[in-house]
Amino acid sequence: MRSASPLRIPATYMRGGTSKGVFFRLDDLPTACQVPGLARDRLLQRVIGSPDPYAAHIDGLGGATSSTSKCVILSRSTRPGHDVDYLYAQVAITSDLVDGSGNCGNLTTAAGAFALHAGLVDVARVPQDGVCTVRLWQANIGKTILAHVPVAGGQVQEDGAFMLDGVAFPAAEIVLEFLDPADDDTGALFPTGQTVDELSVPEDVVPGGRIAATLITAGIPMVFVRAADLGYTCTESRERINRDPVALARFEAIRVAGALRMGLIRTPEEAATRQHSPKIAMVAPPATYRAANGQTVAAGDVDLLVRGLSMGQLHHAMMGTTSVAIATAAAIPGTLVSQAAGGAARAVVRFGHPSGTLRVGATAACCDGPSGPQWRVTRAVMSRSARILMEGWVRVPAGCF
């Protein structure tokens with residue numbers, strides 16, 4: 001019996017910041033996959049090559065890391081004041097999971113560029129030369145993001161001199177503005193009302209079973225802890241942490257404790273179905289270290305050090321949404337991030353990560369709330385770059401969904 005021909009779906013493979021993903025126009029997906037559900041999840045998994053018990057993604061476009069196991073779906077927006085609706089999917093590598101609980105800040109850069117490449121922005125809004133502000137509605141978290149994309153000759157300008165640590169080659173700079181980035185799911189920038197909480201964790205995670213944490217919902221729900229409380233300096237390489245299963249298990253236990261305290265899950269078991277968020281990162285005061293490319297990052301070059309984990313692995317650079325949270329927490333005195341950066345509120349902060357440094361900023365203010373003073377962040381800003389790596393069609397087996 002002759003099998004059905006593989007499906008050919010228009011797709012674009014793009015780098016955005018320090019991530020890569022497969023981009024689709026919603027209208028190009030098979031009808032059953034144009035709505036949320038199992039069919040769409042199965043399609044995206046097959047495109048990436050997941051779940052893969054070998055953790056290699058040989059039979060798909062994924063790169064077997066959290067930074068490269070991603071898909072994005074865009075469509076014209078019917079929401080007033082927006083150009084496109086942007087939906088993000090984090091595809092787990094070995095487990096049967098497509099996680100849409102948060103955004104990818106790095107691929108947000110590419111989402112702005114793809115919206116222009118794909119003709120999803122009204123041509124009347126696209127200058128012949130200059131910068132086009134693409135107004136994205138981030139559907140996963142219900143937030144507005146502005147992507148300021150350089151344009152030349154009416155097309156996205158990809159070439160430029162902007163260098164992003166973690167990316168080998170220069171490109172044109174795209175500035176992102178995350179408006180009112182606090183996560184509405186929890187109703188507050190600090191879900192517990194505290195800039196620092198004490199989490200209960202197993203004794204084998206931290207002696208005494210207690211660890212200080214800043215729980216914040218800006219860009220993505222985040223759990224920040226002091227590196228020193230875990231016996232680290234925050235100068236550790238990606239390989240050192242990722243080759244240590246005991247260390248990864250400790251971080252996951254703290255992440256689960258943070259998720260429970262933030263009200264994102266009701267039981268520890270639920271964390272297995274919510275791997276993308278919250279994320280966890282450790283922070284420390286400045287110190288000199290060697291970046292992944294062999295270059296030295298001097299203590300005087302940064303305000304603090306951060307090592308962030310995504311989908312259970314230490315990230316090779318820094319997640320974009322975590323960068324938003326870092327900028328926000330640095331702007332608010334009392335958080336562990338602010339303490340690591342010296343204690344003063346900072347509108348702009350430069351932090352060190354495994355691949356180098358990154359500069360981010362946020363505008364935060366303290367106002368009167370129903371139960372006392374309450375912090376609010378109006379915007380966070382960072383720069384990334386993006387470019388098309390390949391475009392055409394992705395092929396998947398006809399019966400994959």
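This section describes the nonpolar cores, the enclosed cavities and the open pockets of a predicted model.

The largest nonpolar core holds 67 residues. Within this core, the residues with the most contacts are Phe23, Leu74, Val134, Ile216, Phe224 and Leu304. Helix 2 provides the largest share of the core, with seven residues. A second core, separate from the one just described, consists of 35 residues and includes Leu199, Val206, Val225 and Tyr289.

The surroundings of Ile216 were examined with neighbours within four places in sequence left aside. On that basis Ile216 is in contact with Leu189, Phe190 and Pro191, with Pro221, Met222 and Phe224, and with Met262. The contacts of Ile216 also include Ala325, Thr328 and Ala329. One of these partners, Phe224, is itself listed among the residues with the most contacts inside the largest core.

Enclosed space was considered next. Four cavities of 30 Å³ or more were found. The largest cavity has a volume of about 60 Å³. Its lining comprises 14 residues, and those closest to the centre of the cavity are Lys70, Cys104, Lys279, Ser310 and Met319. By residue class, the lining of the largest cavity contains two nonpolar, 10 polar and two charged residues. Helix 2 (105-117) and helix 5 (320-330) each contribute at least two residues to this lining. Helix 2 thus appears both in the lining of the largest cavity and in the largest nonpolar core.

Open space was treated separately. The largest pocket encloses about 330 Å³. It is lined by 20 residues, with Ala64, Ser66, Ile93, Met311 and Gln313 nearest its centre. Seven of the lining residues of the largest pocket are nonpolar, 12 are polar and one is charged. At least two lining residues come from each of strand 4 (84-91), helix 3 (238-242) and strand 17 (313-314).

The second largest pocket has a volume of about 260 Å³. Of its 17 lining residues, Arg15, Thr18, Lys20, Gly166 and Val167 lie nearest the centre. Strand 2 (19-25) and strand 21 (386-396) are the elements that give two or more residues to the lining of the second largest pocket. The composition of this lining is five nonpolar, eight polar and four charged residues.

Note on methods:
Residues are numbered from 1 along each chain as its sequence is written. This is a predicted model: local features need pLDDT of at least 70, side-chain atom pairs count only at pLDDT 80 or more; totals for chains, interfaces and linings use all residues. Side-chain values use heavy atoms; hydrogens and water are left out. On a 1 Å grid over the protein atoms alone, a cavity is a set of points where a 1.4 Å probe fits but cannot get out, and a pocket is an open set with protein on both sides within 12 Å along at least five of seven lines; lining residues have an atom within 4 Å of a point. Grid points are joined across faces, edges and corners, and a volume is the space filled by probe spheres set on the points. Helices (H or I, at least four residues) and strands (E, at least two) are DSSP runs, numbered from the N terminus. Ala, Val, Leu, Ile, Met, Phe, Trp, Tyr, Cys and Pro count as nonpolar, Asp, Glu, Lys and Arg as charged, and the others, Gly among them, as polar. A nonpolar core is a set of buried Ala, Val, Leu, Ile, Met, Phe, Trp, Tyr and Cys residues joined through side-chain atoms within 4.5 Å. Buried means under 20% relative accessible area, exposed over 50%, partly exposed in between (1.4 Å probe, protein chains only). Contact means heavy atoms within 4.5 Å.
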